[in-house]
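Here is a short briefing for a first look at this protein. Keep the structure open while you read.

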Amino acid sequence: MKKIALTAIFASTFLAALPARAGSGYYLVSLYENEGEKTIDFKSWSSFADNRATTTVPELGVSYMPNKTWYTEVIANWAKHGASAWETSAWTWQNDFLLTHGQYPLDLALHTNLNKNTDSSSGVDFEFGPAMQTDFDRLQVNANVFFERTYRSSQVSSTQMKYQWQGKYRWRPALEFGVLGFGELGSWSNWSAGAKQSHRIGPVISGSFRPGDGGNDSSNKAAVRYDVSYVSGKINARHASVFSMRLQYAF
């Protein structure tokens, strides 16, 4: 399987006062040039902000890559704030398009994300933007810029700008490690003051393996992929840390 892995690294959404909101969120949204591949995708993140109850949001999705260019996934999101009960928070439809296929030093994809919040007053979020990746031997570097706008919301919103980056050393397929960062800058045309911007950084480990064959059978297309990260910094001018994990079964 030829893997290009154009990536949008997961970052926090701009409306940090509503941390259960989905989107590129808190995950590395991995793209693979694996035509015909399907995945079952489980994710979960927990945020720990000063003087705020812990928020935990698990997500369950199914994805399909019908050709070399198009990746699509449907995701159900749940949320729990402190001692409150679990509730469905959103439905997400992600579509990503690979614009290059390894023929240039820098790979490029267009990431899109449509998020329907179950709370009708929170509206519908649409996110889009370029995801870029390059490699220096075993070092993989990603840099991404996304824009997000909320529609049909009870509050007036403008198009927000966020960034994502990662540097990861691919030591071996089952164990890769590095550093990633997320940030929200405010309105794309008028960034927030520095004290009100959000920036976070922390370690990430990831990897993949083929279950049952020790990774030696190249004809076995089934694979398990994982990502775990812990980042600290600011969300909406408040100190916070976020633990995220992702587990995918691809077949």
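In which strand is Val179 found? Val179 is found in strand S11, which covers residues 175-187. The model is predicted. The protein has 15 strands and zero helices.

**The protein as a whole**

- The protein has 251 residues, and buried residues make up 49% of them.
- Take the contacts between residues at least 6 apart in sequence: 53% of these join residues at least 24 apart.
- The accessible surface comes to about 11,900 Å². Carbon and sulfur atoms account for 62% of that surface.

**Val179 in strand S11**

- Val179 has a relative accessible area of 36%, so this residue is partly exposed. The cut-offs behind that label are under 20% for buried and over 50% for exposed.
- Beyond its neighbours within four places in sequence, Val179 is in contact with Trp165, Gln166 and Gly167. Ile201, Gly202 and Val204 are also contacts of Val179.
- Val231 is 52 residues from Val179 along the chain. The C-alpha atoms of Val179 and Val231 are separated by 9.1 Å.

**Thr56 in strand S4**

- Thr56 is found in strand S4, residues 55-64.
- Is Thr56 buried or exposed? Thr56 counts as buried because its relative accessibility is 19%, and buried means under 20%.
- The side chain of Thr56 makes a polar contact with the side chain of Ser46, at 3.0 Å.
- Ser46 also appears among the contacts of Thr56 that exclude neighbours within four places in sequence. The others are Ser44, Trp45, Trp78, Ala79, Lys80 and Trp86.
- Trp86 is 30 residues from Thr56 along the chain, with 9.3 Å between their C-alpha atoms.

**Charges over rings**

- Two contacts of Thr56, Lys80 and Trp86, also form a pair of their own: Lys80 lies over the face of Trp86, at 5.9 Å from the ring centre.
- Which ring does the charged end of Arg172 sit over? The charged end of Arg172 sits over the ring of Trp171, 4.0 Å from its centre.

**Aromatic pairs**

- A search of the whole structure finds four aromatic pairs.
- One of them joins Phe126 and Phe128. Their ring centres are 5.8 Å apart and their planes are at 25 degrees, so the pair is stacked. Planes under 30 degrees apart count as stacked.
- Phe126 counts as partly exposed because its relative accessibility is 32%. Phe128 counts as partly exposed too, at 37% relative accessibility.
- Ring pairs also bring in Phe147: Phe126, Phe128 and Phe147 are linked into a cluster.

**Positive phi in two loops**

- Most residues other than glycine have a negative phi. Here are two residues with a positive value.
- Asn51 has a phi near 60 degrees. Where is Asn51 placed? The loop between strand S3 (38-49) and S4 holds Asn51.
- Asn51 has a relative accessible area of 77%, so this residue is exposed.
- Asp137 has a phi near 55 degrees. Asp137 lies in the loop between strand S8 (124-136) and strand S9 (139-151).
- Asp137 is exposed because its relative accessible area is 72%.

Conventions. Residues are numbered from 1 along each chain as its sequence is written. This is a predicted model: local features need pLDDT of at least 70, side-chain atom pairs count only at pLDDT 80 or more; totals for chains, interfaces and linings use all residues. Side-chain values use heavy atoms; hydrogens and water are left out. Helices (H or I, at least four residues) and strands (E, at least two) are DSSP runs, numbered from the N terminus. Buried means under 20% relative accessible area, exposed over 50%, partly exposed in between (1.4 Å probe, protein chains only). Contact means heavy atoms within 4.5 Å. Accessible areas come from the Shrake-Rupley method with a 1.4 Å probe; for residues, only the protein chains shown count as cover. A polar contact is a pair of N or O atoms within 3.5 Å; within protein, one must be able to donate a hydrogen and the other to accept it, and residues adjacent in sequence count only if both atoms are side-chain atoms. Rings of Phe, Tyr and Trp (its six-membered ring) pair if their centres lie within 6.5 Å; planes under 30 degrees apart count as stacked, over 60 as edge-to-face and the rest as tilted. A charge sits over a ring if NZ of Lys or CZ of Arg is within 6 Å of the ring centre and within 35 degrees of the ring normal.
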